[in-house]
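Visitor: I have not seen this structure before, and I would like to be led through it with some care. Could we look at it together, one question at a time?

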Amino acid sequence: MSLSKLGHRAGPFPFLAVLARDRLSRRGPLLGQLSVALATMLMIFEPCAAAAQAWPSRPITMVVPFGAGGSLDIPARRLAAELSMKLGQQVVVENRPGANGNIGSAYVAKSFPDGYTLMFSPPGPLATNRFMYKNMPFDADQAFAPIILLAKSPMVMAANPKLPVRNLRELIAYANAHPGKLTVGTPGIGSQVHLTMELLQKISGSQVTYVPYRGAAGSSADAIAGQIDLSLNFTPAVIGTIRDGSLRGLAVTTLQRSKQLPDLPTVSESGFPGFEAVASYSFVAPAGTPAQIIATLNKLTNEYIESDIGQQQLESADMQATGGSPQDLQQFIAGEVAKWGPIIKAAGIAM
């Protein structure tokens, strides 16, 4: 590239190209080459900085690596609507399901880190899939930049009323007295329900039998009918049946009690201190996304969590608001990796 062209393309610092040309003519070829290298680096990096400052100048895509209408999709769309208003650009939710979230996550991992492709993720792609899939299409620790942990959701353990247990302690005692006879519905191998029951079996010494379902709704219906003993599901799916007595609630899996079912104790309160197994909702970007963009998205999401509309929307779905910094999310993911890795390996869960 000629220095005259370099001067034209040096963005907001054309004088540096002029300086390089001057040094080349007066100080010899070595200094001239160094000056050209400096100006070339400015050409490369300055447009990126300028782009970050102008962001967003066009619509943003928020990838949800699961299907539309599910428990992950709904809060993603609510957050996207809030961000659209605050940023002055449309944040469009794009569903890319498959392979327990790996397909959509791989797309985001390979996207250019300019702040125009983001992801709203459950635990699988960020923490647990690495232990179950032999050929992961990305390294979650290296592929994503954390933005914020939006919230956590409890799962509710609910039993058929004819099962002779009224709380989790009695359930564990029953399971230990009848090894392998307690039947539990699970929506799939490696699902959060499956992993939660594996963790509970490990710390309680109990043994259950899994009954596979294609979705969580089927297990709740069969628990009501008495086809299985126990269902583990998210609050919105079972709150009505627990309140009308069709199912008996035993415990919730978060450290805090559910605001929708406040009379149900937590697993931690029921003899297993510190137990927590939750659905989590993480907001991330491709690694290398400018820190200024990450900071803006973190700030706006925290504001949404603290707003009246944000609190109302989260509480209506029994989601426990979290918020915090990108570093808080990074620490949470590391904790999930440390917790679930040994459980998955011990259970021999593999895809």
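What follows is a conversation about the strands, charged pairs and aromatic rings of this model.

Visitor: Before anything else, what kind of model is this?
Guide: The atoms shown here were not taken from an experiment as far as our discussion goes, and every value we quote is computed from a model that is predicted.

Visitor: In what order do the strands of the open sheet lie?
Guide: The sheet is open and has six strands, with mixed pairing between them. Its edges are strand S2 (91-95) and strand S11 (320-321), each of which pairs on one side only. Read from one edge to the other, the order is S2-S1-S3-S10-S4-S11.

Visitor: How many bridges join S4 to S10?
Guide: In the order of the sheet, S10 stands between S3 and S4, and S3 and S10 run antiparallel with three bridges joining them. Across that pairing, serine 121 stands opposite serine 282 in S10. S4 and S10 also run antiparallel, with alanine 145 opposite alanine 285 in S10, and the bridges that join them number eight.

Visitor: Which residue is the bridge partner of lysine 152 in S11?
Guide: Strand S4 (residues 144-153) pairs with S11 in the antiparallel sense, over two bridges. Lysine 152 falls within the range of S4, and its bridge partner in S11 is glutamine 320.

Visitor: At about what angle to S4 does H12 run?
Guide: Helix H12 lies across S3, S4, strand S10 (279-286) and S11. Of these, S10 is mostly covered, with eight of its eight residues buried. Relative to S4, H12 runs at about 10°.

Visitor: Which residue of helix H4 forms a salt bridge with glutamate 303?
Guide: Glutamate 303 and its partner have their closest N and O atoms 3.7 Å apart, which falls inside the 4 Å limit for a salt bridge. Because glutamate 303 lies in helix H12 (residues 291-306) and the partner in helix H4 (residues 73-87), the pair ties together parts that are 217 residues apart in sequence. Glutamate 303 is partly exposed at a relative accessible area of 29%, and the partner is partly exposed at 43%. That partner is lysine 86.

Visitor: How far apart in sequence are the parts that arginine 58 and aspartate 114 tie together?
Guide: The two side chains meet in a salt bridge, at 3.2 Å from N to O. Arginine 58 lies in the loop between helix H3 (29-54) and strand S1 (60-64), whereas aspartate 114 lies in the loop between helix H5 (102-109) and strand S3 (117-121), so the parts they tie together are 56 residues apart in sequence.

Visitor: Over the face of which residue does arginine 58 lie?
Guide: Arginine 58 counts as partly exposed, at 40% relative accessibility. Besides its salt bridge with aspartate 114, arginine 58 is placed 3.7 Å from a ring centre, and the ring belongs to tyrosine 116.

Visitor: Are the rings of phenylalanine 138 and phenylalanine 144 stacked or edge-to-face?
Guide: A search of the whole structure finds two aromatic pairs, and one of them has ring centres 5.5 Å apart, with planes at 75°. Both residues are buried, phenylalanine 138 at 10% relative accessibility and phenylalanine 144 at 7%. Since planes over 60 degrees apart fall in one class, the pair is edge-to-face.

Terms used: Residues are numbered from 1 along each chain as its sequence is written. This is a predicted model: local features need pLDDT of at least 70, side-chain atom pairs count only at pLDDT 80 or more; totals for chains, interfaces and linings use all residues. Side-chain values use heavy atoms; hydrogens and water are left out. Helices (H or I, at least four residues) and strands (E, at least two) are DSSP runs, numbered from the N terminus. Buried means under 20% relative accessible area, exposed over 50%, partly exposed in between (1.4 Å probe, protein chains only). Rings of Phe, Tyr and Trp (its six-membered ring) pair if their centres lie within 6.5 Å; planes under 30 degrees apart count as stacked, over 60 as edge-to-face and the rest as tilted. A charge sits over a ring if NZ of Lys or CZ of Arg is within 6 Å of the ring centre and within 35 degrees of the ring normal. Two strands pair if DSSP finds at least two bridges between them. Contact means heavy atoms within 4.5 Å. Axes are lines fitted to C-alpha atoms, for helices over the stretch in contact, and angles run from 0 to 180 degrees between N-to-C directions.
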